[in-house]
Amino acid sequence: MKNIMVTGGAGFIGSNFVRYMLSKYDDINIVVYDKLTYAGNLDNLEDVSQDMRYKFVRGDIADRNAVAGVLAANRVDAVVNFAAESHVDRSILDPDAFIKTDVMGVYVLLDECRKHRVDRFLQVSTDEVYGTIEEGFFKEGDPLEPNSPYSASKAGGELLVRSYHVTYGMDAVITRGSNTFGPYQYPEKLLPLFITNAIDDQPLPLYGDGMQVRDWLYVEDHCSGIDLVLHKGKAGEAYNLGGENERHNIDVIKQMLAVLGKPESLITLVVDRPGHDRRYALDNAKLHALGWEHSRTFDKALEQTVSWYVENEWWWRKIKSGEFREYYERQYGSRLK
Ligand code: NAD
Ligand code: TYD
């Protein structure tokens with residue numbers, strides 16, 4: 001696999017993946033294909049922009065002609081698809097774009113990859129496709145019971161990937177990552193929103209009782225897991241990719257505040273998210289069998305993440321003053337009144 005197309009590569013995990021791959025492999029070319037929605041940001045890729053092995057093309061994965069053009073022009077061997085509408089709260093406010101990108105977009109991308117005989121397709125999916133689990137851990141063969149328009153659209157995308165493998169013999173693999181955190185995460189998700197709000201001494205709107213459980217995965221470990229499945233995963237298979245760091249939301253936030261040296265009084269319990277999944281937890285045995293391990297502890301990863309946002313205000317202040325303000329008002333205005 002020499003020429004890799006990274007769709008959605010200007011977003012949070014995608015841009016970290018591009019950086020990870022360029023530093024790990026010498027003989028690789030990466031073409032990032034990204035629509036640059038509100039979440040796509042070329043600042044995320046600024047530090048690789050001069051690398052001769054990297055190229056950026058703006059476009060939509062649902063645009064068949066454009067996708068075909070990029071696949072042909074770059075002799076793409078493998079596609080890693082990060083492109084998605086990715087935020088649960090936005091999917092509740094307005095599901096439309098989720099169906100267009102996470103379902104229709106995946107279909108168009110898959111279909112063009114089949115026609116262009118791309119050697120391997122990796123679909124970046126999520127643990128949220130399983131729905132919620134009170135006890136125990138989801139295994140890859142468990143039923144998909146998604147509960148939000150976001151997770152339902154991601155499940156739809158995955159099922160199309162599966163069908164292209166079974167029906168057309170396409171070489172495709174799926175990863176199901178858990179809640180990811182680290183540098184360059186759009187500040188609508190829990191950790192970057194709360195870190196940047198706390199830096200500014202603004203309230204931290206915690207949903208419901210704050211006792212929901214998420215399994216926190218450092219972004220570099222998410223990238224190494226995807227790389228491993230891309231190279232060693234078995235065609236037609238899905239792989240859980242969990243952080244093995246289960247925490248109640250309120251505990252994650254208290255720990256973050258301690259690192260930042262800000263008071264817990266910033267935490268403000270607000271009206272819950274509708275359909276809020278109580279707990280996500282994954283059994284990662286299948287991925288470990290391929291040789292995957294974490295690179296650092298949760299405590300270390302959280303410290304590094306907090307420091308990154310403290311040191312990189314240039315990156316997030318721009319975002320928070322733009323489109324974001326309107327969204328924040330819509331999502332939190334009445335909750336915080
Ligand atoms: P993100 O929102 O930061 O980035 C998404 C990127 O996709 C953006 O650059 C955006 O411009 C691009 N995009 C959106 N629609 C597009 C379209 N139609 N065509 C081309 N590009 C388009 O998301 P993220 O947090 O980096 O997540 C990346 C992937 O990982 C998603 O598929 C998401 O479902 C999955 N995932 C995320 C997490 C998490 O915790 N963030 C966990 C598991 C899985
Ligand atoms: P989020 O980062 O949106 O990821 P996901 O919904 O995909 O798990 O949220 C993580 C957890 O934090 C989830 O249980 C919802 C909760 N949360 C809040 O309590 N307040 C917030 O403002 C946000 C964005 C999330």
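Which elements cover the buried residues of α10? The cover includes β7 (180–181), α6 (190–199), β10 (217–218), β12 (246–248), α8 (249–260) and α11 (313–320). Please keep in mind as you look around that this is a predicted model. The points below start with three helices, move on to a pocket, and finish with some single residues.

**Helix α10**

- Helix α10 runs over residues 298–311, and its 14 residues should span 20 Å at 1.5 Å a residue; the end C-alpha atoms are 20 Å apart, which agrees.
- Seven names to find on its buried side are Phe298, Ala301, Leu302, Thr305, Val306, Trp308 and Tyr309.
- These buried residues cover an arc of only 155 degrees around the axis, which puts them on the same side of α10.
- The spacing follows from helix geometry: with 3.6 residues a turn, residues three or four places apart in an α-helix point the same way.

**Helix α12**

- In α12 (324–332), the buried residues are Phe324, Tyr327, Tyr328, Gln331 and Tyr332.
- Looking down the axis of α12, you find its buried residues within an arc of 100 degrees, so they line one face of the helix.
- Turned away from that buried side is a face with the exposed residues Arg325, Glu326, Glu329 and Arg330.
- The packing partners of the buried residues of α12 are α3 (88–93), α6, β8 (204–207) and α11.

**Helix α7**

- Helix α7 covers residues 219–232; for these 14 residues, 1.5 Å a residue gives an expected span of 20 Å, and the end C-alpha atoms agree, being 20 Å apart.
- What sets the surroundings of α7 is burial: eleven of its 14 residues are buried, so the helix is largely enclosed by the rest of the structure.
- The buried residues are Val219, Asp221, His222, Cys223, Ser224, Gly225, Ile226, Asp227, Leu228, Val229 and Leu230.

**The second largest pocket**

- The second largest pocket has a volume of about 320 Å³.
- Its lining has 15 residues, and those nearest the centre are Asn197, Gln202, Lys320, Phe324 and Tyr328.
- Two of these residues, Phe324 and Tyr328, also belong to the buried residues of α12.
- Helices α11 and α12 each give the lining at least two residues, and α12 provides the largest share, with five.
- Sorted by class, the lining holds six nonpolar, four polar and five charged residues.

**Residues with a positive phi**

- Most residues other than glycine have a negative phi, and the next two residues have positive values.
- Arg75 has a phi near 45 degrees and sits in the loop between α2 (64–73) and β4 (78–81).
- With a relative accessible area of 69%, Arg75 is exposed.
- Tyr184 has a phi of about 70 degrees and is placed in the loop between β7 and α6.
- Its relative accessible area is 11%, so Tyr184 is buried, the cut-off being under 20%.

**Buried loop residues**

- Asn245 belongs to the loop between β11 (238–241) and β12, and is buried at a relative accessible area of 15%.
- Leaving out residues up to four places away in sequence, Asn245 touches Arg214, Asp215, Trp216 and Phe298; Phe298 is one of the buried residues of α10.
- Between the C-alpha atoms of Asn245 and Arg335, 90 residues apart along the chain, there are 29 Å.
- Ala281 lies in the loop between β13 (267–270) and α9 (285–289), and counts as buried at 2% relative accessibility.
- Residues up to four places away in sequence aside, Ala281 touches Ile133, Gly136, Phe137, Phe138 and Glu246.
- Ala281 and Ile28 are 253 residues apart along the chain, and their C-alpha atoms are separated by 34 Å.

**Val103 in helix α4**

- Val103 is found in helix α4, which spans residues 96–115.
- A relative accessible area of 22% makes Val103 partly exposed.
- Beyond its neighbours within four places in sequence, Val103 is in contact with Phe98, Ser153 and Leu160.
- From Val103 to Glu303, 200 residues away in sequence, the C-alpha to C-alpha distance is 36 Å.

Technical notes. Residues numbered from 1 in each chain as written. Chains lettered and ligands numbered in written order. Predicted model: local features only at pLDDT ≥ 70, side-chain atom pairs only at ≥ 80, totals over all residues. Heavy atoms only, no water. Helix = DSSP H or I, 4+ residues; strand = E, 2+ residues; numbered from the N terminus. Expected span 1.5 Å × (residues − 1). Buried < 20%, exposed > 50% of the residue type's maximum accessible area, 1.4 Å probe, protein only. Arc of directions from axis to C-beta. Contact = heavy atoms within 4.5 Å. 1 Å grid on protein atoms, 1.4 Å probe; cavity = no way out; pocket = protein on both sides within 12 Å on 5 of 7 lines; lining within 4 Å. Points joined across faces, edges and corners; volume = space filled by probe spheres on them. Nonpolar A, V, L, I, M, F, W, Y, C, P; charged D, E, K, R; others polar.
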